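Reader: I should like a close look at one part of this model, namely its exposed nonpolar surface and the framework that carries it. Please treat the matter in one connected account, working outwards from that surface to the remainder of the chain.

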Amino acid sequence: LGRPGGDSLGGDAAAVVRLEATVPVPVSPLAEGGLRAVAFADAGVLLDTAGELRRGPLGALARRTRASVGCGLSLRQGPAAVEGTVAVVLRGAKQDLGKGFRLEVSAVLG
């Protein structure tokens, strides 16, 4: 699962939970253009079910769960979205690769 000096790879099971709140920015012309402020909290875990879960699933979850919080701005125009966020890692491991700022371009389906 872990690799020296980097993020975890592999595993048989993964779980991710995200709590997110968005509101229009308080500047009317920007809010009308679709700009929103976003705040979030994330938690996730990657497990080797063949080994770790057999030895005690709650212990494995407690040891491996990572968590972060952050905020940013999101702009949606039709099916496209651009989001810039800053995050702070609340719980991680020494070998995790942290990304403080993230810029994402995505397509919104549905």
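Author: The largest share of the nonpolar patch, 3 residues, is contributed by strand S5. The model under discussion is a predicted one. The patch covers about 580 Å² and is built from Leu75, Val82, Val86, Phe101, Leu103 and Val105. Two elements give two or more residues to it, namely strand S4 (80-91) and strand S5 (101-107). One of the patch members, Leu103, is located in strand S5. With a relative accessibility of 60%, Leu103 counts as exposed, because the cut-off for that class is over 50%. For the protein chain as a whole, the exposed area is about 7,500 Å², of which carbon and sulfur atoms supply 63%.

The strands that carry this surface belong to a wider arrangement. Five strands form an open sheet in the order S1-S2-S3-S4-S5, and their pairing is antiparallel. Strands S1 and S5 occupy the edges; each has a single partner strand, so one side of each lacks a neighbour in the sheet. From one strand to the next, the twist averages 25°. As a general point, side chains in a regular strand alternate between the two faces of the sheet.

The other edge of the sheet may be followed from strand S1. Strand S1 (residues 13-24) pairs with strand S2 (residues 35-47) in the antiparallel sense, over 12 bridges. Within this pairing, Ala13 stands opposite Leu47 of S2. Val16 also lies in strand S1. Its relative accessibility is 68%, and Val16 therefore counts as exposed. Beyond its neighbours within four places in sequence, Val16 is in contact with Ala43 and Gly44. Val16 and Asp42 are 26 residues apart in sequence, while their C-alpha atoms are 7.3 Å apart in space.

Asp42 leads on to the next pairing and to a buried position. Strands S2 and S3 run antiparallel and are joined by 10 bridges. Ala39 stands opposite Cys71 in S3, and the bridge partner of Arg36 in S3 is Ser74. Ser68 lies in strand S3, which spans residues 66-77. At 15% relative accessibility, Ser68 counts as buried, because the limit for that class is under 20%. Apart from its neighbours within four places in sequence, Ser68 is in contact with Phe40, Ala41 and Asp42, and also with Val88, Val89 and Leu90. Asp42 thus appears in two settings: it is among the contacts of Ser68, and its C-alpha atom is 7.3 Å from that of Val16.

The chain as a whole may now be set around these details. Its secondary structure comprises 3 helices and 5 strands, and the elements follow one another from the N terminus as β-α-β-α-α-β-β-β. Among contacts in the protein chain with a separation of 6 or more, 53% link residues 24 or more positions apart. Of the 110 residues, 16% count as buried. Ser68 counts as buried, whereas Val16 counts as exposed, as does Leu103 in the nonpolar patch.

Conventions. Residues are numbered from 1 along each chain as its sequence is written. This is a predicted model: local features need pLDDT of at least 70, side-chain atom pairs count only at pLDDT 80 or more; totals for chains, interfaces and linings use all residues. Side-chain values use heavy atoms; hydrogens and water are left out. Helices (H or I, at least four residues) and strands (E, at least two) are DSSP runs, numbered from the N terminus. Buried means under 20% relative accessible area, exposed over 50%, partly exposed in between (1.4 Å probe, protein chains only). Contact means heavy atoms within 4.5 Å. Accessible areas come from the Shrake-Rupley method with a 1.4 Å probe; for residues, only the protein chains shown count as cover. Two strands pair if DSSP finds at least two bridges between them. Patches are made of residues with over 30% relative accessible area and no salt bridge: like charges are joined within 9 Å, nonpolar side chains (Val, Leu, Ile, Met, Phe, Trp, Tyr) within 5 Å. A salt bridge is a side-chain nitrogen of Lys or Arg within 4 Å of a carboxyl oxygen of Asp or Glu. Axes are lines fitted to C-alpha atoms, for helices over the stretch in contact, and angles run from 0 to 180 degrees between N-to-C directions.
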